[in-house]
Amino acid sequence: MRKGLLVVVSGPSGAGKGTICQALLERTSLAYSVSATTRKPRAGEVDGVNYHFLSVEAFEEMIEKDGLLEWAKVYDNYYGTPLKKVEEKLAAGEDILLEIDTQGAMKVREKFPEGVYIFILPPSLAELERRIRGRDTETEEILKKRLDAAIGEIEEGRRYKYVVTNDEVERAVCAIESVLRAERCLVTRNGELFDEIEKGRDDQV
Ligand code: ADP
Ligand code: 5GP
């Protein structure tokens, strides 16, 4: 059985990761990895859909029980990727999408170097601030923290394989779809195609 693609999307807060991932989930067969977090839900966020919203104690218990593929403290809260779901999906040949921060992504890359690591850039820092303010989900203090962290996060983006600027959502989503199409054609992911042909040749002689 061919293993699924592990797709990791990162970028500074307000770049449009959530918007792009939502569109990808609607248009592709990617399954979303629902992260665990100790952050409080925003208006409209649903437990088990957007995140598994946990207490600090419950999150720390997951860490101790090795239940997370990776975890990191981001903007003063814990965030982490439940391990079991990722393993199950990949083993079943399903593609999975992780929207996680740069620290988490680099930890995942150590375990899954064959994953597809994509960094989302805003068109400019001014537009990043406009978007995160326009979303109107954070207090001024948290908003400042996220904007202050943006430059450092963007530097980390140089470590990724792919970069996509989210100027228009449609263009950004199409670029990611193209990346995924190309990744699925990598020779390293398609050894069985060669095996089958070669087996046919052996059967012929
Ligand atoms: P992130 O998940 O990276 O923090 P969001 O997806 O929540 O970012 O997007 C932040 C805000 O910017 C949202 O209000 C969203 O509707 C808006 N947004 C996202 N992409 C674009 C875009 N290409 N052009 C204009 N606004 C956008
Ligand atoms: P937000 O609070 O805006 O939903 O997310 C804040 C940051 O946490 C974003 O950079 C997001 O990508 C990251 N994040 C979300 N889930 C995870 C996760 O499971 N692990 C890690 N390391 N970061 C995550």
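This report walks through the surroundings of ligand 1 and ligand 2 in a predicted model.

Let's begin with ligand 2. Its shell holds 17 residues, and Ser35, Arg39, Tyr51, Glu70 and Tyr79 are the closest of them. Sorted by character, that shell contains seven charged, six nonpolar and four polar residues. Where does ligand 2 lie with respect to domain 1 and domain 2? Residues of the shell come from both domain 1 (1–30 + 95–205) and domain 2 (34–93), so ligand 2 lies between the two.

Several side chains reach oxygen atoms of ligand 2. Tyrosine 51 places a polar side-chain atom 2.5 Å from one such oxygen, and for tyrosine 79 the distance from a side-chain N or O atom to an oxygen of the ligand is 2.6 Å. Arginine 42 joins in with a polar side-chain atom 2.9 Å from an oxygen of ligand 2. How much of ligand 2 does the protein cover? On its own the ligand has 510 Å² of accessible area, and the protein covers 96% of that. Turning to secondary structure, the elements that contribute two or more residues to this shell are β5 (68–74) and β6 (77–82). The space that ligand 2 takes up is the largest pocket.

Now for ligand 1. Here 14 residues make up the surroundings, with Gly14, Lys17, Gly18, Thr19 and Arg135 as the closest. The shell divides into six polar, five charged and three nonpolar residues. Which elements each supply at least two residues of it? They are α1 (17–27) and α5 (125–135), and α1 gives the largest share, with three residues.

The polar contacts of ligand 1 involve both backbone and side-chain atoms. A polar backbone atom of lysine 17 is 2.8 Å from an oxygen of the ligand. Asparagine 166 has a polar side-chain atom 2.9 Å from a nitrogen of ligand 1, while a side-chain N or O atom of arginine 131 lies 3.2 Å from a nitrogen of the ligand. Taken alone, ligand 1 exposes 560 Å², of which the protein buries 73%. Ligand 1, too, sits in the largest pocket.

Here are the contacts for both ligands in one place.

| Ligand | Ligand atom | Residue and atom | Distance |
|---|---|---|---|
| Ligand 2 | oxygen | tyrosine 51, side chain | 2.5 Å |
| Ligand 2 | oxygen | tyrosine 79, side chain | 2.6 Å |
| Ligand 2 | oxygen | arginine 42, side chain | 2.9 Å |
| Ligand 1 | oxygen | lysine 17, backbone | 2.8 Å |
| Ligand 1 | nitrogen | asparagine 166, side chain | 2.9 Å |
| Ligand 1 | nitrogen | arginine 131, side chain | 3.2 Å |

Terms used. Residues are numbered from 1 along each chain as its sequence is written. Chains are lettered from A and ligands numbered from 1 in the order in which they are written. This is a predicted model: local features need pLDDT of at least 70, side-chain atom pairs count only at pLDDT 80 or more; totals for chains, interfaces and linings use all residues. Side-chain values use heavy atoms; hydrogens and water are left out. A residue is near a molecule or strand if one of its heavy atoms lies within 4 Å of it. A polar contact is a pair of N or O atoms within 3.5 Å; within protein, one must be able to donate a hydrogen and the other to accept it, and residues adjacent in sequence count only if both atoms are side-chain atoms. Accessible areas come from the Shrake-Rupley method with a 1.4 Å probe; for residues, only the protein chains shown count as cover. On a 1 Å grid over the protein atoms alone, a cavity is a set of points where a 1.4 Å probe fits but cannot get out, and a pocket is an open set with protein on both sides within 12 Å along at least five of seven lines; lining residues have an atom within 4 Å of a point. A molecule sits in a cavity or pocket if more than half of its atoms lie within 2 Å of its grid points. Helices (H or I, at least four residues) and strands (E, at least two) are DSSP runs, numbered from the N terminus. Ala, Val, Leu, Ile, Met, Phe, Trp, Tyr, Cys and Pro count as nonpolar, Asp, Glu, Lys and Arg as charged, and the others, Gly among them, as polar. Domain bounds come from an automatic or database domain assignment.
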